[in-house]
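Hello,

Here is the structure I promised to pass on to you. Please open it alongside this message, and my notes follow below.

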Amino acid sequence: MTKTECLLNLQQISWHIDGRSVLDGVDLRLQRGEITTIIGPNGAGKTCLIRIALGLLPASAGTRWLAPNLRIGYVPQRFPINPYLPLTVADFLALPGPSGQASRWWPAPRQRYAQQDILAALREVGAEHLLLHPALTLSGGEQQRVLLARALLRKPDLLVLDEPVQGVDLSGQNELYALIRRLRERHGCGVLMVSHDLHVVMAATDQVLCLNRHVCCTGHPEAVSQHPEYQRLFGTSSSRDLAIYTHHHDHHHSLQGDATDCHAGCTHD
Ligand SMILES: Nc1ncnc2c1ncn2[C@@H]1O[C@H](COP(=O)(O)OP(=O)(O)OP(=O)(O)O)[C@@H](O)[C@H]1O
């Protein structure tokens, strides 16, 4: 595994619907081992961009490149379970998952997951105790852990999460982001996620892409929070409040995340 291995490269992606431009000329590049978070206001095109990255939505223009044989684990915004199906968490995780590409004529082949893999995935996300719970009665944070376990069963090179902390309280959000960081380290995967504001992701992400139909700004979260486009979208108070979430160090970052004035004794914590 190399740190600079590119997993996903979207170039000049545009998407139009009903004569309306939803995404316009968006670039996004993600490396193995890196966490990139897409932020932006409601309707900014975050979910559409994720769906284009996943290949679920064809772009109107631009190119999408994935590393060969890339395995993607996807954690959707909502729990994809029919309310009339009384599944336990174990039943849900045992549903066969795709194990290859769909062709024009045939759906993707599916694979069954072994019991020990299901248990290991649940253990990894701290949700082993939920094995026999009815899937539909889980809390927001429990649902996200179970969906993460499901994504891990694919042994992903790239984890894609659409608003993973939606409906989760603040301490639960911090726990979930810490879990995502641990999974990135343990599996050496890349992570692409959507979030609504930079506040909670500040300490959890390497790169931020601030989207509002086009890319407003992109780079290290600290640098993005100072960018005029970010402040115009989220207000200047939002970047002031970020100070409490910032990790402490004694140098600054460029938009690319490089330390601009790092000296021999400077520190990160
Ligand atoms: N299938 C579709 N048909 C028509 N319009 C669509 C379709 N899918 C998305 N849109 C529109 O595209 C825009 C961007 O939607 P998207 O779901 O990507 O926004 P978002 O940034 O994820 O928003 P939110 O933060 O509210 O989840 C919205 O105005 C939405 O109504």
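**Around the ligand**

The residues that surround the ligand are Ile-17, Val-22, Gly-40, Asn-42, Gly-43, Ala-44, Gly-45, Lys-46, Thr-47 and Cys-48. Sorted by class, this shell holds 4 nonpolar, 5 polar and 1 charged residues. Helix α1, residues 46–54, gives the most to the shell, with 3 residues. Please keep in mind that all of this comes from a predicted model.

**The chain as a whole**

The protein chain has 9 helices and 11 strands. Of its 269 residues, 36% are buried. If you take the contacts between residues at least 6 apart in sequence, 64% of them join residues at least 24 apart.

**The six-stranded sheet**

What is the strand order in the open sheet of 6 strands? Reading across, the order is β5-β8-β9-β3-β10-β11, and the pairing is mixed. β5 (72–75) and β11 stand at the edges with a single partner strand each, so one side of each has no neighbour in the sheet. From one strand to the next, the twist averages 15 degrees.

The pairings are easy to follow on screen if you start from β9. On one side, β3 (residues 35–39) runs parallel to β9, and 4 bridges join them. Here Thr-36 stands opposite Leu-192 of β9. β8 also pairs with β9 in the parallel sense, over 5 bridges, and Leu-158 has Gly-190 in β9 as its bridge partner. The connection is worth a look too: β8, helix α5 (residues 170–187) and β9 make a right-handed β-α-β unit.

Further along, β10 and β11 pair in the antiparallel sense, over 5 bridges. In that pair, Leu-211 has Val-215 of β11 as its bridge partner.

Why do I call β9 largely enclosed by the rest of the structure? For strand β9 (residues 190–194), 5 of the 5 residues are buried, so the rest of the structure largely encloses it. Both faces are covered: Gly-190, Leu-192 and Val-194 are buried on one side, and Val-191 and Met-193 are buried on the other.

**The three-stranded sheet**

There is also an open sheet of 3 strands, in the order β2-β1-β4, with antiparallel pairing. β2 (20–31) and β4 (61–66) stand at its edges, each with a single partner strand, so one side of each is left without a neighbour in the sheet. The twist here averages 15 degrees from one strand to the next.

Strand β1 (residues 6–17) and β4 run antiparallel and are joined by 5 bridges. Within this pairing, Ser-14 has Ala-61 of β4 as its bridge partner. Helix α1 packs on this sheet, where it touches β1, β2 and β4, and its direction makes about 125 degrees with that of β1.

**Helices on the six-stranded sheet**

Helix α1 comes up again here, since it has contacts in both sheets: besides touching β1, β2 and β4, α1 lies across β3, β5, β8, β9 and β10. Its direction runs at about 155 degrees to β8. This is the helix that gives the most residues to the shell around the ligand, and you may like to start your viewing there.

Helix α4 lies across β5 and β8, and runs at about 165 degrees to β5.

**Two backbone details**

Which residues have a positive phi although they are not glycines? Two that I can point you to are Lys-155, with a phi of about 50 degrees, and Arg-213, with a phi of about 75 degrees.

Lys-155 lies in the loop between α4 (140–152) and β8 (158–162). With 12 other C-beta atoms within 10 Å, Lys-155 is exposed. Arg-213 is found in the loop between β10 (207–212) and β11 (214–219), which are the two antiparallel partners described above. Arg-213 has 19 C-beta neighbours inside 10 Å and so counts as partly exposed.

Over to you now, and enjoy looking around.

Warm regards

Key. Residues numbered from 1 in each chain as written. Predicted model: local features only at pLDDT ≥ 70, side-chain atom pairs only at ≥ 80, totals over all residues. Buried ≥ 20, exposed ≤ 12 C-beta atoms within 10 Å, placed from the backbone. Near = placed C-beta within 6 Å. Nonpolar A, V, L, I, M, F, W, Y, C, P; charged D, E, K, R; others polar. Pairing = 2+ DSSP bridges. Right-handed = clockwise from strand over helix to strand, strands pointing away. Axes fitted to C-alpha atoms, helices over the stretch in contact; angles between N-to-C directions. Contact = placed C-beta atoms within 7 Å.
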